[in-house]
Amino acid sequence: MADVKLQGVAKAYGETTILQGVDLEIRDGEFMVFVGPSGCGKSTLLRVIAGLEDITRGELSIGGRVVNDVPPAERGIAMVFQSYALYPHMNLYDNMAFGLQLAKVPKGEIDRAVRQAARVLHIEHLLDRKPRDLSGGQRQRVAIGRAIVRQPQVFLFDEPLSNLDTALRVRMRYEFAKLHQDLKTTMVYVTHDQVEAMTLADRIAVLSAGRLEQVGAPLGLYEHPANLFVARFIGSPEMNVLDATLESADALGAAVRLADGTRLRCAVDATGAAPGAPVKLGLRPEHLKQAAEDAAQAIEVRVTFVEPLGGTTYAYCEHASAEARTLTCQLDGQVLPRAGQALRLAVQEDRAYLFDADGRAFARHSAAGRA
Ligand code: ADP
């Protein structure tokens, strides 16, 4: 087990900078997930930790040892790729044993390690088979098994589930969580899927364009995103963003006005901003429900499209202040509005998010799930 420390880690290919000086401490035994849109540099960051890419600037240490110039094989890490990279002509046993055989580990020790990894991953009965005789999920397990037998200090996973179908992804997600519980080894996991990030991580690092936007516990990021980018990226469906004007702000909260004149209170500290300033109001789809008669505050929308999923109904609605005039709300399954219908949606003061014109979040008063 080991911690991983990055200080000002930058990576450039010629003129193109991919990582812009990343500072991050991954704690010993932690499950850290790197998440962000395609091309933001997550894989590069993982490959830098693995030693598959050298660092242009900065310092990287694993378990207290600076490893900038240490080759991958001597870093105490094991990496699992999305492509599995199994040897097709070898059976599963040999696929898992191969690395240890190369390292001239005694036969008995190899056998113990392989059988124990196979037991953890529930593939003991498949050890004689070749990779071609396995399902995608089983192949992924073998790839993980090959990493486990090396008893690394840190596991690195690069989008390990992206080649699997949806049902299998969900099952394997659970298996990854369990693997971490059992092994308690430091794990760093890259994905573009925010649901995977939310469900697996002790902490999530959100990246955009080679920069760390925020690092925190999943619910901390959900409740207290530092900016609009994180607010939109964490949570599904994506947060609705509405243009608004700040009317007033005091110790208890802020009041904003929408284009149609609707006035809404938000439990945020916007005392640093001047009244009249343009702001962005964030409302999550799951917090927008049909307003009761006595709702403290609400917005009026017109339904444009409805997706009934059984347990929930997604309604896509029109509102003049919403980005692209469209707002998503997640209603109860038995609520089935018609296209064209007007809806009143309750806005709970303590469920609203507020950002300045540059997208920086105002602090929310709610104490739940702090990062
Ligand atoms: P992600 O994993 O977030 O999708 P990557 O880390 O794979 O992103 O890539 C980040 C950026 O670096 C991308 O724009 C990609 O095109 C670029 N990139 C990756 N590898 C190289 C390379 N060997 N040479 C030049 N650019 C690269």
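This passage describes a sheet, the helices that pack on it, and the surroundings of one arginine in a predicted model.

The sheet is open and consists of six strands, arranged in the order β6-β7-β8-β3-β9-β10 with mixed pairing. Its edges are formed by β6 (77-80) and β10 (211-216); each of these has a single partner strand, so one side of each is left without a neighbour in the sheet. On average, neighbouring strands are turned by 15° against each other when direction is ignored. Strands of a sheet pair through backbone hydrogen bonds, in either a parallel or an antiparallel manner. Within this sheet, strand β3 (residues 31-35) and strand β8 (residues 186-191) run parallel and are joined by five bridges. In this pair, methionine 32 of β3 stands opposite valine 188 of β8.

Two helices are considered with respect to the sheet. Helix α1 (residues 42-50) lies across β3, β6, β7 (154-158), β8 and β9 (203-208), and runs at about 150° to β7. Helix α4 (residues 136-148) also packs on the sheet, where β6 and β7 are touched. The direction of α4 makes about 170° with that of β6.

Helix α4 also packs against helix α5 (residues 166-183), at an angle of about 20° and with the two axes 11 Å apart. Because angles under 35 degrees count as roughly parallel, α4 and α5 are therefore roughly parallel to each other. Their crossing is right-handed. On the α4 side, the contact involves Gly136, Gly137, Gln140, Arg141, Ile144 and Ile148. These meet Leu168, Met172, Glu175, Phe176, Leu179 and Leu183 of α5. By class, the residues of this contact comprise seven nonpolar, three polar and two charged.

Arginine 75 is located in the loop between β5 (65-66) and β6, the latter being one of the edge strands of the sheet. With a relative accessibility of 5%, arginine 75 counts as buried, because the cut-off for this class is under 20%. Leaving aside residues up to four places away in sequence, arginine 75 touches Val48, Ile49, Ala50, Gly51, Leu60, Ile62, Arg65, Val67, Asn68, Val70 and Gln153. Among them, Val48, Ile49 and Ala50 fall within the residue range of helix α1 (42-50), and Arg65 falls within that of β5 (65-66). Isoleucine 62, also among the residues touched, is 13 residues from arginine 75 along the chain, and the C-alpha atoms of the two are separated by 7.4 Å.

Definitions and conventions
Residues numbered from 1 in each chain as written. Predicted model: local features only at pLDDT ≥ 70, side-chain atom pairs only at ≥ 80, totals over all residues. Heavy atoms only, no water. Pairing = 2+ DSSP bridges. Helix = DSSP H or I, 4+ residues; strand = E, 2+ residues; numbered from the N terminus. Axes fitted to C-alpha atoms, helices over the stretch in contact; angles between N-to-C directions. Contact = heavy atoms within 4.5 Å. Parallel < 35°, antiparallel > 145°, perpendicular 65-115°, else oblique. Left-handed = near helix turned anticlockwise from the far one by under 90°. Nonpolar A, V, L, I, M, F, W, Y, C, P; charged D, E, K, R; others polar. Buried < 20%, exposed > 50% of the residue type's maximum accessible area, 1.4 Å probe, protein only.
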